[in-house]
Amino acid sequence: MAVTDFFAGEIITELLKNLLTISKKSWTFKDSANGLIESIQHLLPIIQEIKYSGVELPAIRQSQLDRLSETLRQGHELAHKVLLSSRYNIYKNLQYVRKMEKIEKAVAKFIQGPLQAHILADVHHIRFETTERFDRLEGSSHRLEQSLGAMKIGACGGGGVSWMEEAVRRVEEEGRMQWESSSELVLGLGFGLKKVKEMVLGRDDLIVGISGIGGSGKTTLVKELVKDDHVRSYFGERILFLTVSQSPDVDDLKAKILGFIMGGQVLSPTSVLPQINFQFEWKNPTKTLVVLDDVWSLSTLQPLLFNIPGCRTLVVSRIKFPTAVKATYDVELLGENEAVSLFCHSAFGQKSIPPGADRKLVKQIVDECKRLPLALKVIGSSLRDQPEMIWANASKRLSRGESIGESHETDLLDRMAISVNCLSPKVRECFLDLGAFPEDKKIPLDVLINIWVETHDHIDEELAFAILNELADKNLVSLVKDAREGDIYSSCYDISVTQHDVLRDLALHLSNNGSINQRTRLLMPRREIELPREWDRHSDEPFQARIVSIHTGEMTEMDWFEMEFPKAEVLILNFASNEYMLPPFIRHMPKLKALIIINYSASNAILYEFSVLSSLSNLRSLWLEKVSVPPLSPATFPSKKVRKISLILCKINKSLDESAFPRLLELTIDHCDDLFELPSSICRMHLLTNLSITNCHHLWQLPADLSKLKSLQILRLYACPYLQKLPPDICELLCLKYLNISQCCSLRGLPLNIGKLASLEKIDMRECSQLRNLPSSAAALPSLGRVVCDEEISWLWKKALPDVHVQVAEKRFDLDWLDE
């Protein structure tokens, strides 16, 4: 791993974060951690400068930096081990202290030795390059003198421009163009240019790609690439740049590509291409680069790809093509300083905030552009030479997710909308639903998929997940996945969904067409202290929205007004407060299927008027997050059609003790710290297929009669550290397919009759530190195909079931012991 790669990723960030955690909470490692933090912080700016310079280093310097990278990687692994280690294991901790001191000395030695030599070498190179540039400048001056001497003063006489004015104009124009070119490199392209060069020049793949959301600077990056001296020297100037677009003439493009590869021949797409059939034997392949910019579909791309030795193809697209393009660089958005510089270039014609400008206002608008180059350029240009009042109005409108004017809407949102217009109608509607979630928040995967299943015809969970991956491939959402992504038994916490704010604004923009009462989605773009006034003005007529999303602070009875939603199927209530009254208009949502209530404040909220839900005869799913859960009894909560209940970060308050949900299929309880015993009422939910009790750190006992859950297929008991045993009755769950007991570190053994679980396909039991033996009946599990466990017990499974795939899990690191 090169040191530039090390510092470019998240490893160094995680290392510093872990060292700071260790320094604050562990006296044993404090001095060593602080010393290593100080060394890294001194080193980081220098490495960042090297990283963004784009300069190729000599082999010996690169090898020295690589050795430093390896040392820091070892420090990263050691920090994880320290965090995992118990404070009571004194011997192991002393060993870790010595290792950390050794790493600290190695880093300090590099700073005091090789790094100083690197600096001296750079000074020498700068002196040499400066002398060389002055020589070139002297030659340019001599040529300029000759040119001026050949000119006749007043040659442009009459009404024309003088030769001096023309020369000044040309110099200014050339200077502006050079500044724009160099500024683009400075504004965040340096690192991307280096990574793409490595793919194009240093890999064996004949086909590589650049991918990113619309407006992220893909085309700018690739244009800088083809102008790069190193790239042009490598390919001997044989570089073909083609824009494919959404409606290309594929045959014509094929003819141009093949003719270029064959040495500049002009081929006819109608007569010659079918005879060639693209089968050639290349005895002396010539290095050639073909750039295909703005590719929109795999069906268009495939005919334009040629596996010919020496021919490298670079595919530039908003979409990822994993089946055709094996190596793809995802364009990164600009950093804070680069975003300000690019915005100022468009708004003021310079790369910094002018002295007379309102710095706070400028930075507010830059923040609303969310580091997207296209947004920074378009909005900056829209505000150029405008008075301060226009700027203030633009800031407010952007904060509400509105366009700042006709030019902004046309140039930015409409250009971004191209990515959405090419989607199928079903996928496009799913994308527009993403506007219902707050900005800068992770979207719960279960909530999103549940909304799509409930509100769109012919979509089940599998298709919903496929749609989500299609949106990710088109860079319209981002998926953060762990090692189990794609597993059929993945839970909502294995994958999180995020979306760039400009794309969310696009979803809002496209959803807000037409009369407010006739919209399919009624959405609040930003958090407000009250409901939008526009809603109040139109509340005398029913709203036809199927999805309603509200984002406020604390709401009391006086803050709501009457509204009718005869077609509403989804209601999302996002708020941040300690108390919250549910809206009375819920009574006027007869078709409501999904209710999502999410509190973003620091403490659990108390919900008032929960009984308003009793009128929801069609409710199928309920998601409660960070609230104190009222009793979920038939008197206060509809139960006949409810299929899913999710309680996240909630205070349970014995709310499930009297629950009766005869048709409940899925129950999720996560991070609920007042759950000590799982109530026996759950065992009366005979249709339950999925029971997830995760991260409940005080749960110590399960009900003895779990065998009544005859339909249960998935049982997750992940990260319940006080749970000491599984009830023997669990072996009667003959439909159980998946059992997850990971991080149940007090669990001492599996039930003796576990072999009776005839349908069990997978067990996940990583980090069960007290579980060291298997019951003999485990060898009789007929359907078991996969076990995930720690290395210490893996050999027992391999011995008991030789044909089963045993996966040794990587260690996961828990910081709870630091908070004791």
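Start at Phe 235: this residue is buried, with a relative accessible area of 3%. Buried stands for under 20% relative accessible area, exposed for over 50%, and partly exposed for what falls in between (1.4 Å probe, protein chains only). You are viewing a predicted model, where local features need pLDDT of at least 70 and side-chain atom pairs count only at pLDDT 80 or more, while totals for chains, interfaces and linings use all residues. Residues are numbered from 1 along each chain as its sequence is written, and side-chain values use heavy atoms, with hydrogens and water left out.

**Stop 1: aromatic pairs**

Add Tyr 234 to the selection. Tyr 234 counts as partly exposed, at 28% relative accessibility. Rings of Phe, Tyr and Trp (its six-membered ring) pair if their centres lie within 6.5 Å; planes under 30 degrees apart are stacked, over 60 edge-to-face, and the rest tilted. By this rule there are 10 aromatic pairs. Tyr 234 and Phe 235 make one that is edge-to-face, at 4.9 Å centre to centre with 80° between the planes.

Now select Phe 610 and Phe 637. Their rings are stacked: 6.1 Å centre to centre, 15° between the planes. This pair links distant parts of the chain, 27 residues apart. Phe 610 sits in the loop between β14 and β15 (621-625), Phe 637 in the loop between β16 and β17 (644-648). Both Phe 610 and Phe 637 are buried.

For a group of rings, select Phe 543, Trp 560, Phe 565, Phe 575, Tyr 580 and Phe 585. They form one aromatic cluster.

**Stop 2: the whole chain**

Zoom out and color by secondary structure. Helices (H or I, at least four residues) and strands (E, at least two) are DSSP runs, numbered from the N terminus. The chain has 23 helices and 24 strands. Of its 820 residues, 48% count as buried.

Switch on the surface. About 40400 Å² is exposed, and carbon and sulfur atoms supply 51% of that area (Shrake-Rupley method, 1.4 Å probe; for residues, only the protein chains shown count as cover). Next, contacts, which are heavy atoms within 4.5 Å. Among those between residues at least 6 apart in sequence, 61% join residues at least 24 apart.

**Stop 3: a parallel sheet**

Select β12, β14 and β16. Two strands pair if DSSP finds at least two bridges between them. These 3 strands form an open sheet in the order β12-β14-β16, with parallel pairing. At the edges are β12 (579-581) and β16 (627-628), each pairing on one side only. Between β12 and β14 (residues 605-608) there are 3 bridges. Pick Glu 579 to see one: its bridge partner in β14 is Ile 606.

**Stop 4: strand β3 and its partners**

Move to β3 (residues 288-295). 7 of its 8 residues are buried, so β3 is largely enclosed by the rest of the structure. Strand β2 (residues 239-243) runs parallel to β3, joined by 5 bridges. Leu 242 stands opposite Leu 292 in β3. Strand β4 (residues 311-317) also runs parallel to β3, through 6 bridges. There, Thr 288 stands opposite Cys 311 in β4.

Stay in β4 and pick Val 316. Is Val 316 buried or exposed? It is buried, with a relative accessible area of 1%. Beyond residues up to four places away in sequence, Val 316 touches Ile 210, Lys 218, Val 222, Val 291, Leu 292, Asp 293, Asp 294 and Val 295. Measure to Leu 221 as well: the C-alpha atoms are separated by 9.9 Å, with the two residues 95 apart along the chain.

**Stop 5: helix α19**

Select residues 445-455. Of the 11 residues of α19, 9 are buried, so this helix is largely enclosed by the rest of the structure. Among them are Asn 450, Trp 452 and Glu 454.

**Stop 6: Asn 690**

Jump to strand β19 (residues 690-694), where you find Asn 690. Asn 690 counts as buried at 11% relative accessibility. Its side chain makes a polar contact with the side chain of Ser 692 at 3.2 Å. (A polar contact is a pair of N or O atoms within 3.5 Å; within protein, one must be able to donate a hydrogen and the other to accept it, and residues adjacent in sequence count only if both atoms are side-chain atoms.) Farther along the sequence than four places, Asn 690 touches residues including Leu 665, Leu 712 and Arg 716.

**Stop 7: cysteines**

Finish with the sulfurs. A disulfide is a pair of cysteine sulfur atoms within 2.5 Å. How many disulfides does this rule give? The count is 0. Select Cys 696, buried at 0% relative accessibility. The closest cysteine sulfur, in Cys 672, is 5.2 Å from its own, too far for a bond. Cys 731 is also buried, at 1%.
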